[in-house]
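This report describes selected features of one protein structure. Please keep the sequence and the model in view while reading.

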Amino acid sequence: MPGCLIDCLFHGLFLIFIKAWKCINVHFFYQLQEFQTKGASDVEFFSSGSDHFLVFSNSRNNNGETLVHVDVYKWDNTTMLFTPSPWQRLENQGAVAVAVVNIEGVIYLAVANNYNSLLKTYTVQ
């Protein structure tokens, strides 16, 4: 996915629309795709072999609940877009950051959780 730019737009209280832009040349970008997230605080792009992914760390929904998912979208070479809905959803509690690390050819995803609004605690279980 070379030549892409990710842009965040706030809408409502915590719901955020994320836009992916594709660079046609050095002077022009066009909107490739839009993602609806729940208070996304971070986004990471990574590749594994010939597969490409975007990971969004969602922090909270419009009700203030922090038990929302980290969403992973996979690039579809047929449509030349990321999957329209999350390819995989990972449980988290108020994610504030996400990092993708490649150690000796193995991809690891680290999510910094913050607060569990259901249990009212910062302790991650």
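## Asp 51 and its partner

In this predicted model, Asp 51 has a relative accessible area of 30% and is therefore partly exposed, since that class covers values between 20% and 50%. Asp 51 forms a salt bridge with Lys 74, and the closest N and O atoms of the two residues are 3.9 Å apart. The bridge links distant parts of the chain, for Asp 51 belongs to strand S5 (residues 51-58) and Lys 74 to strand S6 (residues 69-76), 23 residues apart.

Lys 74 is also classed as partly exposed, because its relative accessibility is 22%.

## A second salt bridge

How many salt bridges does a search of the whole structure find? The search finds two. Besides the pair already described, the side chains of Arg 89 and Asp 71 meet in a salt bridge, with a distance of 2.9 Å from N to O. Arg 89 is located in strand S8 and Asp 71 in strand S6, so this pair ties together parts that are 18 residues apart in sequence.

Is each partner buried or exposed? Asp 71 counts as buried because its relative accessibility is 3%, under the 20% limit for that class. Arg 89, at 44% relative accessibility, counts as partly exposed.

## The surroundings of Thr 83

Thr 83 is placed in the loop between strand S7 (81-82) and strand S8 (88-91). Its relative accessibility is 18%, so Thr 83 counts as buried; the cut-off for this class is under 20%.

Which residues are in contact with Thr 83, leaving aside its neighbours within four places in sequence? They are Gln 33, Tyr 73 and Lys 74. Lys 74 is the residue that forms a salt bridge with Asp 51. In addition, the side chain of Thr 83 reaches the backbone oxygen of Ser 85 at 3.0 Å.

## A nonpolar patch on the surface

Four residues make up a nonpolar patch on the surface: Val 101, Ile 103, Val 106 and Tyr 108. Together they have about 340 Å² of accessible area. Which strands supply the residues of this patch? Strand S9 (97-103) and strand S10 (106-112) each provide at least two of them.

Ile 103 may serve as an example from the patch. This residue is found in strand S9. Ile 103 counts as partly exposed because its relative accessibility is 45%, and membership of a patch requires over 30% relative accessible area.

Note on methods
Residues are numbered from 1 along each chain as its sequence is written. This is a predicted model: local features need pLDDT of at least 70, side-chain atom pairs count only at pLDDT 80 or more; totals for chains, interfaces and linings use all residues. Side-chain values use heavy atoms; hydrogens and water are left out. Patches are made of residues with over 30% relative accessible area and no salt bridge: like charges are joined within 9 Å, nonpolar side chains (Val, Leu, Ile, Met, Phe, Trp, Tyr) within 5 Å. Accessible areas come from the Shrake-Rupley method with a 1.4 Å probe; for residues, only the protein chains shown count as cover. Helices (H or I, at least four residues) and strands (E, at least two) are DSSP runs, numbered from the N terminus. Buried means under 20% relative accessible area, exposed over 50%, partly exposed in between (1.4 Å probe, protein chains only). A polar contact is a pair of N or O atoms within 3.5 Å; within protein, one must be able to donate a hydrogen and the other to accept it, and residues adjacent in sequence count only if both atoms are side-chain atoms. Contact means heavy atoms within 4.5 Å.
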